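Me: I'm new to this one, so could you walk me through it a bit at a time? Let's have the structure up first.

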Amino acid sequence: AYVAYLIVRGITSGPTRTNEEQRALNLLKSKHLEVAIVWPEAKHGNDSLQEYVKAFQVQLDLLQSAHNTRCIEAPEDRQANLHCDMKPIRLQPAYEEDNSSKQASISQAQTIVQNPNLIAVAGHVHSSSAIPAAVVYENEGVVLQSSGATDARLTQYDFEYIFRHISSELTHANDIASYIYQ
């Protein structure tokens with residue numbers, strides 16, 4: 001992944017800043033923002049993508065409500081209300097590409113980042129799809145929050161926009177070994 005990152009981004013990070021700057025300008029002009037939800041296809045008739053999208057929407061609604069409440073409670077406080085014009089956030093669900101194909105993951109990420117209102121991607125549960133896609137998101141200045149990729153290579157480089165909220169396989173192994181040893 002790091003070699004691909006260097007090839008896409010270049011040895012100096014100069015040219016990619018234009019991608020990030022253009023995205024920032026587009027986002028400032030847009031009436032809404034979008035988050036892509038990339039989730040594995042359902043197995044056995046259970047549509048986990050739709051369930052994840054519903055859960056994500058509930059959290060967005062709660063955050064929006066809390067944000068609006070703060071703005072209403074202090075209308076005279078200009079400093080507190082500088083960010084009261086929060087843009088609505090729309091969710092764009094997509095099934096995660098076959099996790100055995102790096103090219104499919106890259107192609108999917110390239111399609112996703114063509115959306116000028118895109119601010120983030122949540123998902124890419126499998127490391128085998130998250131790592132190749134991460135290079136595309138990083139190059140375009142789009143935040144990736146992977147919710148299941150455990151391969152340490154996803155976050156071991158100097159990426160600015162790539163995150164995960166699950167520990168790595170090595171950390172899992174160390175935790176299990178420590179527990180067994182106790």
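Me: What is the order of the strands in the open sheet?
Reply: Keep in mind that this is a predicted model. The sheet is an open one with five strands, and the pairing is parallel. Reading across, the order is β2-β1-β3-β4-β5.

Me: Which strands stand at the edges, each with a single partner strand?
Reply: An edge strand has one partner, so one of its sides is left without a neighbour in the sheet. That applies to the strands at residues 89-95 and 162-164. They are β2 and β5.

Me: And which residue in β2 does A36 stand opposite?
Reply: Start with β1, which covers residues 33-39. β1 pairs with β2 in the parallel sense, over seven bridges. In β2, the residue opposite A36 is Q92.

Me: Which helix packs on the sheet touching β3, β4 and β5?
Reply: Two helices are worth a look here. Helix α4 (residues 102-112) lies across β1, β2 and β3, and runs at about 160° to β1. The other one covers residues 127-140, and its direction makes about 160° with that of β4. The helix touching β3, β4 and β5 is α5.

Me: Last one: is I176 buried or exposed?
Reply: I176 sits in helix α6, residues 169-181. Together with Y179 and I180, I176 makes a nonpolar surface patch of about 400 Å². Exposed means over 50% relative accessible area. I176 has 51%, so the word for I176 is exposed.

Methods: Residues are numbered from 1 along each chain as its sequence is written. This is a predicted model: local features need pLDDT of at least 70, side-chain atom pairs count only at pLDDT 80 or more; totals for chains, interfaces and linings use all residues. Side-chain values use heavy atoms; hydrogens and water are left out. Two strands pair if DSSP finds at least two bridges between them. Helices (H or I, at least four residues) and strands (E, at least two) are DSSP runs, numbered from the N terminus. Contact means heavy atoms within 4.5 Å. Axes are lines fitted to C-alpha atoms, for helices over the stretch in contact, and angles run from 0 to 180 degrees between N-to-C directions. Patches are made of residues with over 30% relative accessible area and no salt bridge: like charges are joined within 9 Å, nonpolar side chains (Val, Leu, Ile, Met, Phe, Trp, Tyr) within 5 Å. Accessible areas come from the Shrake-Rupley method with a 1.4 Å probe; for residues, only the protein chains shown count as cover. A salt bridge is a side-chain nitrogen of Lys or Arg within 4 Å of a carboxyl oxygen of Asp or Glu. Buried means under 20% relative accessible area, exposed over 50%, partly exposed in between (1.4 Å probe, protein chains only).
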